Amino acid sequence: MTMIADNLHQVRARIATACNTCGRAPDAVTLLAVSKTFGADAVREAFAAGQTAFGENYIQEAVDKMAVLSDLPLQWHCIGPIQSNKTRLVAEHFDWAHTVDRLKIAQRLSEQRPAGKAPLNVCIQVNIDGGSTKAGVAPNEALALAQAVAALPNLRLRGIMTIPEPAPDFVAACAVHTRAKALFDALNVAGMGLDTLSMGMTSDLEAAVVSGSTMVRVGTAIFGVRS
Ligand SMILES: *Cc1c(COP(=O)(O)O)cnc(C)c1O
């Protein structure tokens, strides 16, 4: 087994164990392999080990990688900030965008999604802990943005995404992730029909899974430390 294959195996085991401890089915959580800064060869290795969904932060880097990997049936998720001048690349090349936090960005993605493609899957990024990065909509503004995004053509609103500040311990991490789960549930009570709660990374994936995450975004534990 290659190092990446071995790492993937271990991450899948971590997810399965976390699911077991809280009575969730292991396939209730999708693993997104975050390949930012790593080359196409690393993605190929992960694909050979059964991984098909990949997350990228830097849009031009991702599009270049996609071109080299176009022979593989991969699913690409944009998990980095989306500026207005990058919406066209995202709309044309990605399958998912997790980081929509302004209606203007959603409108551009909707307008620029090519006609022949399936709708772009979208998550609303929520600043669940008031974190210093300031990315994401405030929790109390999430419903209004979700409703506006859901009404746009060529997009399919799937859920919400969070990137909380690193928590000091498991209990603290669960407290923040539980707030995101509560918001996710409230949006569904309001009729949004969401199926995706994108939260949890290498250091907090167990806390995210026991709190209700349906998609963890894992980079370091699969590909190694980024330089
Ligand atoms: C880099 C990144 C990840 C992966 O982080 P790791 O700690 O390497 O697992 C997940 N989500 C987002 C938004 C990221 O930018």
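In this predicted model, the side chain of N57 puts an N or O atom 2.7 Å from an oxygen atom of the ligand, a polar contact (a pair of N or O atoms within 3.5 Å). R217 does much the same job with its side chain, where an N or O atom sits 2.9 Å from a nitrogen atom of the ligand. G219 joins in through its backbone, with an N or O atom 2.8 Å from a ligand oxygen. On its own the ligand has 390 Å² of accessible area (Shrake-Rupley method, 1.4 Å probe), and the protein covers 90% of that. Around the ligand there are 13 residues (a heavy atom within 4 Å), the closest being K36, N57, T202, T220 and R226.

Turning to the interior, the largest nonpolar core (buried Ala, Val, Leu, Ile, Met, Phe, Trp, Tyr and Cys residues joined through side-chain atoms within 4.5 Å) has 63 residues, and those touching the most other members are F94, L109, I124, V149, I160, I222 and F223. Buried here is under 20% relative accessible area, with a 1.4 Å probe and protein chains only. A second, separate core has eight residues, among them L32, V34, W96 and C123.

As for cysteines, the whole structure turns up zero disulfides (pairs of cysteine sulfur atoms within 2.5 Å). For C19, the nearest cysteine sulfur is that of C22, 5.8 Å away; C19 is buried at 0% relative accessible area.

Numbering runs from 1 along each chain as its sequence is written. Local features need pLDDT of at least 70 and side-chain atom pairs 80 or more, while totals for chains, interfaces and linings use all residues, and side-chain values use heavy atoms, without hydrogens or water.

Notes:
Buried < 20%, exposed > 50% of the residue type's maximum accessible area, 1.4 Å probe, protein only. Polar contact = N/O pair within 3.5 Å; in protein donor to acceptor, adjacent residues only side chain to side chain.
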